[in-house]
Each structure stands twice: as C-alpha cells, then as structure tokens.
Amino acid sequence: MPKLTIDGIEIEVEAGLTVLQACEQAGVEIPRFCYHEKLSIAGNCRMCLVSMERAPKPIASCAMPVGEGMVIHTNTPEVQQMRKGVMEFLLINHPLDCPICDQGGECDLQDQALFYGFDRSRYREPKRAVKEKNFSPLIETSMTRCIHCTRCIRFATEVAGVPELGATGRGEHMEVGTYIEKALSSELSGNMIDLCPVGALTNAPYAFSARPWELRKTETVDVLDALGSNIRVDNRGSEVLRVLPRVNEDINEEWISDKTRFACDGLTRQRLDRPYVRRSGKLEEATWDEAFTAIAQKLKGVAGKSIAAITGDLADCESMLALKDLMSALGSKNVDCRQDGARLDASARAGYLFNSTIAGIDTADACLLVGTNPRHEASVLNARLRRRCLDGGFPVAAIGTAVDLTYPYTHLGEGTDALAAIASGRHAFAKTLKVAKHPMLIVGTGALARPDGAQILAAARSIAENCGMVIDGWNGFNVLHRAAGRVGGLDLGLVPGAGGYDVAAMVEGAANGNIEVLYLLGADEIDMSGLGDAFVIYQGHHGDAGAHRADVILPGAAYTEKNATYVNTEGRAQTGRLAVHPPGEAREDWTILRALSAVLGKTLDYDTLDQVRARMAEINPNFANSDAVEPAPWGDFGADGDLDPAPLTMPIDNFYMTDAISRASATMARCTEVHLASQPQKTGTDG
Amino acid sequence: MTPIAPASEQPDTFAFSADNLAAAKAFMAKYPDEYQASAVLPLLDLAQRQNGWLPQAALEYVADFLGMPSIRVFEVATFYTMLNLAPVGRHHVQVCTNISCWLRGADTIVEACRNTLGIGFGETTQDGQFTLSEMECLGACVNAPMMQINDDYYEDLDAGSTQVILGTLKDGGTPKSGSQIGRKTCEPLGGLTSLTDDAKTAGKTPGKLKKPRARKGKGA
C-alpha cells in the first residue's frame with residue numbers, strides 16, 4: 001500500500017486509487033466537475049488540479065494514480081491560483097443566468113465559483129450560444145450552460161447502457177447531444193439530471209417550480225418497483241415536487257429509475273380525497289360514518305367464507321396486517337396479497353425472495369433469467385447486472401421473450417423447453433452454471449403468474465439445487481418482484497388459509513355469488529368486470545380501476561403520505577416516512593382499517609403505529625430487523641408437474657405505467673407517447 | 001462543426017463498393033477483434049472517397065460495419081474537418097487562415113478565391129465544381145500561405161498563383177501542387193543558409209572521432 005503525504009498528513013491508501021480519492025480519505029476536499037466515483041475517469045474539467053512535489057506542473061488529481069512517497073499540496077496559493085484560472089476558463093462561455101436557472105442553489109459550478117470565482121470577467125468577447133437539444137420529455141436542456149464534463153455521456157454509455165449521447169464537433173464548437181436528435185431510450189435517464197454539475201440538464205416536469213431551499217426534504221423509500229430504492233421526497237406545502245435518489249450501496253447505489261423520479265406528479269391527480277358510497281348505481285360523496293355504516297350493514301349476516309380481501313401492489317405492511325387481522329376476526333380465510341396470481345408459497349421464505357441480495361450480483365459469476373425483463377421490472381437492478389457483465393466472467397442467459405437488456409446475453413428460447421432442459425442438466429448452460437462459483441438465477445413474477453407458475457418455480461428450485469446455487473454463504477435463487485407490497489404481504493402471511501380462496505378463486509367466486517363482499521386494499525390490477533354482484537370495498541389513494549368498480553370507497557394515503565413499512569424483493573424491511581399529509585379526508589391506511597374494525601365490533605387490539613409494528617414483528621421477526629437482510633432458510637416450494645411449452649412473455653408492456661400512481665401521472669403519459677406510441681422516429685419539429 | 005446536409009439531401013442507403021469492401025476488410029484486419037472501432041477513420045475516408053461526402057446512411061453503415069454505436073462514429077465525423085457531412089464540389093478548396101498563413105497574407109488568398117470562384121466560405125459554385133472552406137492550421141506553416149484542394153497542398157501562394165491554380169482546375173487541367181515559387185520542400189526562402197559547403201570538396205575530412213573517455217567509477 002503506497003504511503004503519501006497530503007497537506008502534511010501522512011496516509012497509506014490502497015494501491016490503484018487516484019490522488020483525488022486519497023485526498024478524500026485524508027479528509028481533504030478537492031473541487032471537481034467531471035470526476036464521479038461511479039463513472040470512468042475523464043480528466044477533462046481540470047478543476048481538481050493539485051501540486052505534487054518534484055512534478056514540473058500541476059496534476060489533475062482525479063486521473064493521477066497514487067504513488068509511493070508522493071507529496072501533494074492542495075491548499076497552497078499556487079493551487080488556489082490554478083483553480084481560479086480553471087474556473088475563469090469554465091466561466092468564459094457559461095452564461096450568468098443563475099437567477100433563472102433551475103440548478104441555482106444546488107449547482108456545483110455556483111458553489112465552487114464562490115471559492116474560486118473572480119468577481120468580474122476579463123473577457124469582452126460574446127459568449128457562445130448552443131441550440132437546445134431534445135434528449136427526452138423528462139430532461140430540460142439548456143446546453144449553453146454545458147461545461148463539457150461529459151458525465152452524462154459517460155453515464156449513458158457505461159451505466160445506462162444506451163450509447164446514444166456523445167460530444168460532437170470540437171473545441172469551442174463541441175456540443176453534447178444525441179445522434180441526429182433522437183430521444184434517449186433509457187429508463188435511467190433522469191439520473192443525468194443529478195449528475196450534471198451545472199444547469200444544462202434539469203428536471204423538465206419540475207422546471208421553474210421551486211428553489212431547493214424552499215423545499216422540505218423527507219427521506220423515504222420508493223414503492224413503484226420492488227427494489228425499495230432509497231429516495232428523498234421534496235415537497236412544498238402539500239405538493240410533492242420532485243423525488244431524488246439517496247445513496248444506498250446495497251440497493252440502488254445512487255440511481256433511481258425514471259418512473260420513481262418522475263411519476264410523483266401522479267400523486268396529485270385522480271386522488272380519492274373523501275369516502276364514496278354507491279347509491280342507486282352511482283358513487284356519491286359520503287362521510288366516513290356513512291361509508292363505515294354502509295359496510296357494516298352489508299356485512300351483517302354475511303358468513304366469513306363469503307368475505308374476501310385482495311391487497312394491491314403498493315400496499316404497506318401495516319395496513320396489510322390490519323386487513324389480515326380484520327379478515328380473521330370476521331372469520332374469513334380468503335385473503336391474498338398475490339394480486340397478479342403468482343404461485344408463490346408463503347411458507348418457504350427463500351422461495352419468494354431475491355436471496356442473493358441485490359449487492360450479491362457483484363459477486364455472482366453466472367446468471368440465468370427466467371421470464372423476466374429486469375430492465376423494465378427493476379431498472380436499477382438491471383444497471384447492476386450490466387456492470388457485472390461489463391466486468392467480465394459473467395455469462396448471462398435468458399428464457400422468454402427476447403428483449404434488449406443493454407448487455408449481451410444468450411437467448412435460450414421463448415418457451416419453457418430450455419428451463420426443463422437446464423433443470424434436468426441436459427442443457428449446455430446447466431454446465432456453465434455448475435462450474436460457476438456463485439451462480440444465480442432470477443425468476444420473474446410474470447412467469448410465476450402463469451397457470452404452471454408453481455411448476456416453473458419448482459423447475460427453478462431444482463436448477464438452483466442441481467447447479468450449486470444454494471451453498472454455504474450463497475443462495476443464488478432469486479425471485480424478482482415487481483410490486484413493493486408483495487414480499488411484505490407474503491412475510492405477513494397474506495395468503496389464503498386452509499380452504500380459503502386465492503385471487504383467481506375470489507374473482508370467480510364474486511362472479512358466481514360465492515363471494516359477497518370483496519375488500520380491495522389498493523388492488524387495481526384484477527379483472528374488475530368479472531366481479532359479478534359482489535359488494536366491493538375499495539381502499540386506496542387513486543381513482544383507478546378498483547375505485548370505478550367499488551361500492552364503497554375509503555380514501556387512503558399514497559406512499560409519500562404515510563409512515564409505513566415496505567419489504568423489498570430481497571426481504572429487506574424499510575420504513576417509508578410521511579412527507580405530506582393525505583389530501584382531504586384521506587387517512588393513513590392502517591388507521592382506516594382500525595376504525596372500521598371498531599364499527600364492525602371486531603376492534604383490532606392496536607391503537608398506535610408502534611403497537612402495529614410490534615404485532616408485525618411478532619408474526620415475522622424480519623420486521624424487527626429494519627433495513628437488514630436476513631438469509632432465509634432453504635425450503636420446499638413449488639409443485640411438480642409438466643411445464644406448459646407456451647412462450648414466457650414479459651409482464652410489463654409499458655414501463656412508464658404500471659400502477660395507479662404512474663397511470664395518473666401526466667409525465668409518464670408523455671413518456672408513453674414518446675417511447676411507445678410513436679416508435680417511428682420523431683422529426684424534431686413536433687416539440 | 002462542419003455543416004450537416006438537410007434530410008432532403010440525405011440518401012436513404014449507402015454501401016461500400018466491392019473494391020472498398022475489400023479495402024475496408026483489409027483495414028479492419030490490422031486491428032485486434034475487440035478494437036475494430038480503431039478502423040473508423042480509414043473506413044470513413046473510404047466512404048467519403050466513394051460518395052464524395054458522408055451522408056448519415058454512410059455513418060450508420062460504418063457504425064454497423066464496425067459494431068459501434070452511431071453516435072461514436074458521428075463524434076469522429078464531426079471532429080475532423082476533413083470529413084464532409086454535406087455535399088462539396090468536385091474541387092474542395094480549403095484555405096488556411098490560421099496565424100502563420102494569416103500573417104503571410106491568407107486574406108489576399110481568400111480574396112483571390114472569392115473573386116475567381118464568385119463564392120464565399122461554405123458555399124459551392126452553381127456548377128458544383130468548387131466549394132470554398134476556411135480551415136484552421138493544416139500544418140504547412142513553413143510554406144505559408146497555403147491551401148488544400150482535395151488531396152493536394154498548394155503552398156507559397158499569392159493572389160496571382162491562386163488564380164492560376166483555380167483557373168487550371170476550371171479548365172480541367174491539373175495544377176502543380178506544392179510550393180508555387182519553386183521552393184524545394186520547406187527549405188529557407190532565400191536559399192540554404194547552412195550546410196552549404198560540401199565537406200569533401202573543401203578539403204577537409206571529418207576528424208577521427210575520439211573515443212569518449214571512460215568515466216571514473218562512482219565511488220568505486
């Protein structure tokens with residue numbers, strides 16, 4: 001390990017680090033624009049200049065590897081002077097439009113100009129102007145402000161895997177842009193906004209709506225996919241204005257998907273802000289009392305086995321627990337959290353988790369994807385798979401519809417033949433998995449929702465067992481969920497009890513009259529037209545499919561409006577926090593169920609959030625272990641039987657609209673329009 | 001940035017001719033398999049020689065040919081002024097106006113071109129014969145001022161010689177390339193100033209080289 005001296009501090013660092021990284025370890029901050037720890041080194045902004053003893057000229061610390069005995073100075077007048085010079089160059093062509101720039105207040109250039117800027121310009125020449133680019137409906141460009149750090153180019157090429165951005169022209173005429181004005185085809189494009197150190201790329205839907213210092217920031221977790229990405233919600237008053245990523249190296253590193261970032265405008269549209277009761281075929285506004293009374297009247301005399309409950313994709317654990325307890329108090333075993341009908345088994349925890357953990361992808365050395373398109377189902381996880389792929393020694397094979405995953409993989413066919421062949425060890429890829437030290441497989445929930453889902457699960461389990469995926473200290477069997485509420489629901493045991501109905505049976509029962517009352521906790525993705533004459537209670541936050549069919553609507557809180565627990569696909573329980581209060585008369589979901597239980601005379605025995613959480617931890621100790629992943633014991637799951645040779649199709653057609661929130665978002669509608677509806681290239685004249 | 005032809009002028013397709021295809025493969029064979037993108041410049045040059053300029057279809061063709069993203073080829077094509085992304089005349093007159101040439105009278109060369117061809121920078125004559133472009137340093141400062149027409153350099157220009165060169169081209173002839181004042185390569189303007197004597201005829205033979213004295217051993 002080389003030893004070097006930084007500003008008189010002697011420090012020993014890992015070989016191969018750069019001087020800038022060594023400085024960070026020594027606690028010395030180096031200004032920078034182009035350097036970013038998650039991207040390759042460009043060394044083109046020159047802001048990180050430091051002086052090195054016995055070197056004839058200043059060195060760019062971001063691009064200089066550490067060497068034994070280096071003596072670095074970062075705070076001498078010479079270094080200050082160099083940085084001032086670099087800053088002056090950067091500002092030659094940078095407009096002084098900070099007062100009207102959305103980056104103002106959180107701009108690297110602005111901040112560093114405070115320390116290294118000159119209070120007047122020595123240049124009389126006109127500044128250059130650059131035409132606006134059309135990157136995507138999500139990114140507002142103001143390319144005149146660009147300082148050519150190339151972070152966005154490197155992000156698109158390296159992390160997102162869509163090499164569509166580049167620097168064209170040269171010298172003063174260099175411009176960052178796409179190839180012939182094409183919109184970026186990445187689900188991670190919003191991260192470029194965070195990466196841009198100036199105001200060249202800004203958040204388009206958020207444009208001119210707030211200044212960073214006006215916003216209240218709440219650290220919470222995302223629910224629009226099952227990763228549980230750590231996010232920061234910024235609100236002003238009652239409105240969520242934007243969503244930003246928080247660093248969590250084990251989950252999302254510092255990226256979030258475009259849906260996570262931009263669907264937040266859906267939180268203010270189509271909201272259910274008061275209870276509704278259907279009277280003579282029409283939904284009418286009602287008070288909470290009226291709504292509860294309507295439910296109580298309906299439930300009077302209805303047998304427990306005729307009552308059923310389905311929880312939706314965005315349901316939080318607290319409300320699911322309350323629903324489960326209420327249903328058992330009512331004598332019903334018909335509860336199911338597997339809205340999509342995935343044939344997952346709640347009894348073996350390892351059978352429904354992403355056991356290798358998301359960070360575990362970095363140590364895996366072979367991967368089999370079964371009926372999943374991680375690019376759409378968990379974009380950030382796909383970026384990790386891509387990085388692992390680029391590092392080499394990571395053969396990937398996929399079974400199912402062939403899609404562009406942004407990294408090369410072997411396509412083993414669309415049907416289940418290959419799955420059966422690998423399970424029996426006949427397939428060549430089985431050998432690849434066997435020789436790998438840490439092989440992994442990822443089963444998509446789309447595949448498990450098929451009628452032969454349990455058999456697919458069993459086939460995946462036997463692949464895991466036969467190919468050495470389940471060994472001491474490593475479990476490569478992974479289920480990639482799409483819904484934030486699913487793992488929590490399974491952890492709490494929201495599956496039909498003995499003789500109870502599952503989702504398909506409930507829908508069928510509702511149609512033929514066996515189910516008289518159906519309670520939908522944010523469940524929108526079932527076939528509402530087939531519910532017959534059943535009395536449907538919908539508790540949720542958006543006027544989506546479920547609310548349209550409902551007989552009573554109980555307005556709940558969206559994920560930004562409640563303190564709630566979510567379990568991600570790895571089985572990691574995380575706490576979301578309230579950023580804004582639910583609109584109108586809407587309430588936090590578990591409190592609604594608690595209040596309803598009192599009206600029904602089956603009062604649940606918890607009054608505070610802490611008591612609910614204590615009960616959750618009682619049911620599953622995992623809930624007591626917040627933010628951590630406990631390895632799940634291997635068990636028996638899936639069912640033997642023949643596989644249906646039908647192709648494994650991808651469950652997500654439109655990445656931008658997968659749930660009630662994103663379906664209500666105008667921004668996501670625009671993305672849908674650009675990326676799906678108008679597949680033929682845009683001309684650039686249509687804005 | 002070099003001007004890009006509007007969509008109306010862009011051909012739909014591009015493909016190498018048989019000869020160029022062979023040449024392209026020969027270029028690619030020079031690079032290891034994983035570094036095929038290194039052949040992008042020679043391939044773009046081939047494409048430009050075949051087509052006269054580089055349409056988008058050619059950029060995409062080369063990108064596909066080398067298995068690299070279109071934007072990477074586009075970056076290269078916009079970086080080099082030698083690559084034309086819009087049609088140019090048969091004779092592409094590129095006048096250097098950078099510091100050395102400018103000090104030596106590039107302005108008069110530009111004027112001569114304008115007057116002879118009747119076009120300004122970035123324009124093409126009606127008959128499609130000439131395109132006039134302003135260039136940054138072309139690396140022939142010693143023989144400034146100079147201009148490049150297609151593959152040839154014309155150096156030590158003045159207004160008169162510029163007109164002669166352009167006139168010859170107009171008439172379908174081939175003007176003499178290189179220095180227009182008879183200078184041999186980049187020798188000094190007024191003839192050689194050093195190494196003018198022939199050592200042998202001066203009656204001197206080079207002295208026998210002394211063997212360098214062996215250095216005294218350091219500390220030994």
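## Exercises on helix packing, strand pairing and an interface

Helix α8 (residues 317-329) of chain A packs against helix α18 (residues 589-599) of chain A at an angle of about 20°, their axes lying 7 Å apart. Here axes are lines fitted to C-alpha atoms, for helices over the stretch in contact, and angles run from 0 to 180 degrees between N-to-C directions. Helices (H or I, at least four residues) and strands (E, at least two) are DSSP runs, numbered from the N terminus.

A word on conventions: residues are numbered from 1 along each chain as its sequence is written, and chains are lettered from A and ligands numbered from 1 in the order in which they are written. The model is predicted, so local features need pLDDT of at least 70, side-chain atom pairs count only at pLDDT 80 or more, and totals for chains, interfaces and linings use all residues, while side-chain values use heavy atoms and leave out hydrogens and water.

**Exercise 1.** Classify the packing of α8(A) and α18(A), and find the residues that meet.

*Step 1.* Angles under 35 degrees count as roughly parallel, over 145 as roughly antiparallel, 65 to 115 as roughly perpendicular and the rest as oblique. With an angle of about 20°, α8(A) is therefore roughly parallel to α18(A).

*Step 2.* The crossing of α8(A) and α18(A) is left-handed (the near helix is turned anticlockwise from the far one by less than a right angle; clockwise would be right-handed).

*Step 3.* Taking contact as heavy atoms within 4.5 Å, Glu318(A), Ser319(A), Ala322(A), Leu323(A) and Leu326(A) of α8(A) meet Asp589(A), Trp590(A), Leu593(A), Leu596(A) and Ser597(A) of α18(A).

*Step 4.* Sorted by class, the contact of α8(A) with α18(A) has six nonpolar, two polar and two charged residues. The classes are nonpolar for Ala, Val, Leu, Ile, Met, Phe, Trp, Tyr, Cys and Pro, charged for Asp, Glu, Lys and Arg, and polar for the others, Gly among them.

**Exercise 2.** Describe how α18(A) packs with helix α7 (residues 288-299) of chain A.

*Step 1.* The axes of α7(A) and α18(A) come within 10 Å and cross at roughly 60°, and the two helices are therefore oblique to each other. Their crossing is right-handed.

*Step 2.* Trp288(A), Phe292(A), Ile295(A) and Ala296(A) of α7(A) touch Ile592(A), Ala595(A), Leu596(A) and Val599(A) of α18(A). By class, that contact has eight nonpolar, no polar and no charged residues.

**Exercise 3.** Which strands pair with β5 (residues 152-155) of chain B, and in what sense?

*Step 1.* Strands pair if DSSP finds at least two bridges between them. Strand β4 (residues 147-149) of chain B is joined to β5(B) by three bridges and runs antiparallel, with Met147(B) opposite Tyr154(B).

*Step 2.* Two residues lie between β4(B) and β5(B) in a hairpin, and Asn150(B) in the turn has a positive phi of about 50°.

*Step 3.* Two bridges join β5(B) to strand β6 (residues 178-179) of chain B, and this pair runs parallel. Tyr154(B) has Gly178(B) as its bridge partner in β6(B).

**Exercise 4.** How much area do chain A and chain B bury between them, and which three residues of chain A supply 50% of its share?

*Step 1.* Buried area is the accessible area (1.4 Å probe) that two parts lose on being put together, summed over both. Chain A and chain B bury about 1200 Å², 61% of it on carbon and sulfur atoms.

*Step 2.* Thr168(A), Arg170(A) and Tyr179(A) supply 50% of the area that chain A buries against chain B, more than any other three residues. The contact takes 15 residues from chain A and 13 residues from chain B.
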